[in-house]
Amino acid sequence: EYKGLSKEQMLEIRRQNCNPMTMKITYYKKPVFIHQGHMQWVWDVDGKRYLDLFAGVATVSMGHCHPKVTAAAEKQLKKLWHTTNIYVYPSIHEYCEKLASRLPDPLKVVYLTNSGSEANDLAMLMARLHTGNFDIITFSGSYHGGSSQTMGLTSNSPYKYPIPTGSGCTNVMCPDVFRGPWGGSKCRDSPVQTIRECSCAHGHCMANEQYIKQLKETFATSLPSQIAAFFAEPIQGMGGAVQYPKNYLKEAYKLVRERGGHAPLTCCVQTGFGRTGAHFWGFQGHGVLPDIVTMAKGIGNGFPMGAVVTTAEIAASFVKALHFNTFGGNAMACAVASSVLDTIKEDGMQQNTLEVGTYLIGELAKLRDKYEIIGDVRGKGLQIGVEMVKDKASRDPLPPQAMNEMFEDIKDMGVLIGKGGVYGQTFRIQPPMCITKKDVDFFVAVFDKAVHSYMERN
Ligand code: PMP
């Protein structure tokens with residue numbers, strides 16, 4: 001039973017003592033007051049249980065307070081919390097070796113940080129020092145962090161401040177096969193087909209070549225001949241689980257490498273550690289091999305942590321100054337993250353993600369066929385987006401008011417999901433990887449009801 005601060009006290013403290021923007025991102029008219037979690041469930045202070053399909057933004061991937069991860073944390077808690085890299089302590093070495101063993105050759109050198117922003121910041125620096133070039137490319141709609149450097153990579157207006165941030169970052173058109181000008185049913189590597197027929201002419205899919213043409217135009221108009229890096233998530237997270245046409249990343253990497261960017265970079269902050277089901281790392285689904293991979297979120301199941309993994313060659317260029325991080329790779333984080341890697345394997349989390357995720361995408365696709373306002377269902381594994389539209393013909397985004405009504409309703413019926421997309425038009429489902437088909441059936445019934453009720457009201 002909960003005996004802490006009252007709801008009113010919490011809201012008052014939030015108003016007085018917390019970052020004022022936190023009031024804005026509460027999202028719900030009637031906020032949720034969470035105080036406890038177990039696996040895919042969280043409880044509010046009144047004892048109401050919610051099915052958590054957002055997992056702290058794809059972070060609590062093993063489940064809240066997963067017994068194995070919690071036991072590993074408890075064990076380490078009594079031994080050693082923190083020391084510095086001046087000394088040699090086992091947990092960081094155990095972890096770096098274990099993490100490196102999960103990446104393909106030659107990605108073998110690990111740097112540990114405390115967040116995704118820090119990891120991306122470090123990767124930017126590394127790419128620039130290694131190539132001797134400065135310019136970095138990212139996709140429109142992306143979110144790569146809140147530090148002043150990564151804010152430059154981020155291409156999402158609500159997260160932009162009106163001051164110079166992260167200079168040298170150029171955004172290219174996100175090759176979004178649903179909202180973008182090109183693409184359609186067969187363009188992406190996805191377990192379900194969109195209802196939109198391929199819009200391409202000439203009897204073959206042109207989405208890939210058109211988006212690549214856009215990229216080439218950016219090279220021709222906005223960038224010097226030599227660049228440092230290309231920064232892309234395998235499936236864009238905050239942008240709303242956006243998927244690209246098949247082969248796009250492969251061809252983009254080639255173009256970047258031709259321009260001196262020896263460091264195409266993949267940001268697996270959301271799509272690593274088995275979240276896409278079919279692959280352990282999201283980039284593997286694109287058949288590409290990045291030179292630098294950044295990761296965070298699911299890496300520590302909620303314990304603050306991030307990492308950059310690169311090649312020995314790039315690491316050798318990153319020695320012009322000492323790189324030091326007080327908490328990066330602390331003994332607690334390493335013990336937790338090590339247990340996460342073990343748990344993914346022991347509990348069959350990746351396989352479950354593939355099976356349950358594919359089932360969920362299929363069930364949601366049925367609702368897409370039933371309702372005019374569900375424009376697109378997409379994703380892989382448990383990295384899923386449901387894009388809401390005014391109608392299927394226009395594909396205009398459903399306005400925030402409508403999104404919020406359904407969002408609130410879904411929460412009141414006991415399910416937490418996320419929202420994303422440049423216009424806030426996409427529901428995001430990125431649950432703990434331990435969810436079951438029964439959870440899926442419950443959510444799909446809830447979602448069906450929320451959409452149905454909204455349509456009846458409007
Ligand atoms: N990259 C991506 C793709 C993210 O989704 C996020 C966080 N939403 C970040 C980077 C930044 O991570 P952090 O908040 O841990 O700094």
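**Exercise 1. The hairpin and its neighbours**

Find out how many residues lie between β2 and β3 in their hairpin, and which residue of the turn has a positive phi.

*Solution.* Start with the turn: 4 residues separate β2 from β3 in the hairpin, and Gly-47 in the turn has a positive phi of about 90°. A word on the ground rules: this is a predicted model, in which local features need pLDDT of at least 70 and side-chain atom pairs count only at pLDDT 80 or more, while totals for chains, interfaces and linings use all residues. Residues are numbered from 1 along each chain as its sequence is written. Helices (H or I, at least four residues) and strands (E, at least two) are DSSP runs, numbered from the N terminus.

Next, look at the pairing (two strands pair if DSSP finds at least two bridges between them). Strands β2 (residues 41-44) and β3 (residues 49-52) run antiparallel and are joined by 3 bridges. Within this pair, Trp-41 stands opposite Leu-51 in β3.

Finally, follow β3 to another partner: 2 bridges join β3 to β13 (residues 415-416), and these two run parallel. Here Leu-51 stands opposite Val-415 in β13.

**Exercise 2. An open sheet**

Work out the strand order of the open sheet of 4 strands, and say which strands form its edges.

*Solution.* The order is β11-β12-β15-β14, with antiparallel pairing. The edges are β11 (374-380) and β14 (418-420), each of which pairs on one side only. From one strand to the next, the twist averages 25° (an angle between axes, which are lines fitted to C-alpha atoms, for helices over the stretch in contact; angles run from 0 to 180 degrees between N-to-C directions).

Now zoom in on one pair. Strand β12 (residues 383-388) runs antiparallel to β15 (residues 426-429), with 4 bridges joining them. Val-386 stands opposite Phe-427 in β15.

To finish, add the helix: α12 (residues 349-370) lies across β11 and β12, and runs at about 170° to β11.

**Exercise 3. Three helix crossings**

Classify the crossings of α8 with α9, α13 with α14 and α4 with α11 by angle.

*Solution.* You will need the cut-offs: angles under 35 degrees count as roughly parallel, over 145 as roughly antiparallel, 65 to 115 as roughly perpendicular and the rest as oblique.

- The axes of α8 (residues 207-222) and α9 (residues 248-258) come within 10 Å and cross at roughly 25°. α8 is therefore roughly parallel to α9.
- For α13 (residues 400-412) and α14 (residues 437-457), the axes come within 9 Å and cross at roughly 140°. These two helices, α13 and α14, are therefore oblique to each other.
- For α4 (residues 67-77) and α11 (residues 331-346), the axes come within 9 Å and cross at roughly 155°. α4 is therefore roughly antiparallel to α11.

Then take the handedness (a crossing is left-handed if the near helix is turned anticlockwise from the far one by less than a right angle, and right-handed if clockwise). The crossing of α8 and α9 is right-handed, that of α13 and α14 is right-handed, and α4 passes α11 in a right-handed crossing.

Last, check who meets whom (residues are in contact if their C-beta atoms, placed from the backbone, lie within 7 Å). In α13, Ala-402, Glu-405, Met-406, Asp-409 and Ile-410 meet residues of α14, including Phe-447 and Tyr-454. By class, this contact of α13 with α14 has 8 nonpolar, 1 polar and 2 charged residues (Ala, Val, Leu, Ile, Met, Phe, Trp, Tyr, Cys and Pro count as nonpolar, Asp, Glu, Lys and Arg as charged, and the others, Gly among them, as polar).

**Exercise 4. Around the ligand**

Describe the residues that surround the ligand.

*Solution.* First count: 15 residues surround the ligand (C-beta atom, placed from the backbone, within 6 Å of it), and the closest are Ser-115, Gly-116, Ser-117, Gly-145 and Val-269. Then sort by class: the shell divides into 6 nonpolar, 8 polar and 1 charged. Helix α6 (residues 116-131) gives the most to this shell, with 3 residues.

**Exercise 5. Backbone oddities in loops**

Locate the cis peptide bond before Pro-106 and the positive phi of Asn-247.

*Solution.* The bond from Asp-105 to Pro-106 is cis, with omega near 0°. Pro-106 lies in the loop between α5 (90-101) and β4 (109-113). Asn-247 is not a glycine, yet its phi is positive, at about 75°. You will find Asn-247 in the loop between β7 (229-232) and α9.

Technical notes: Contact = placed C-beta atoms within 7 Å.
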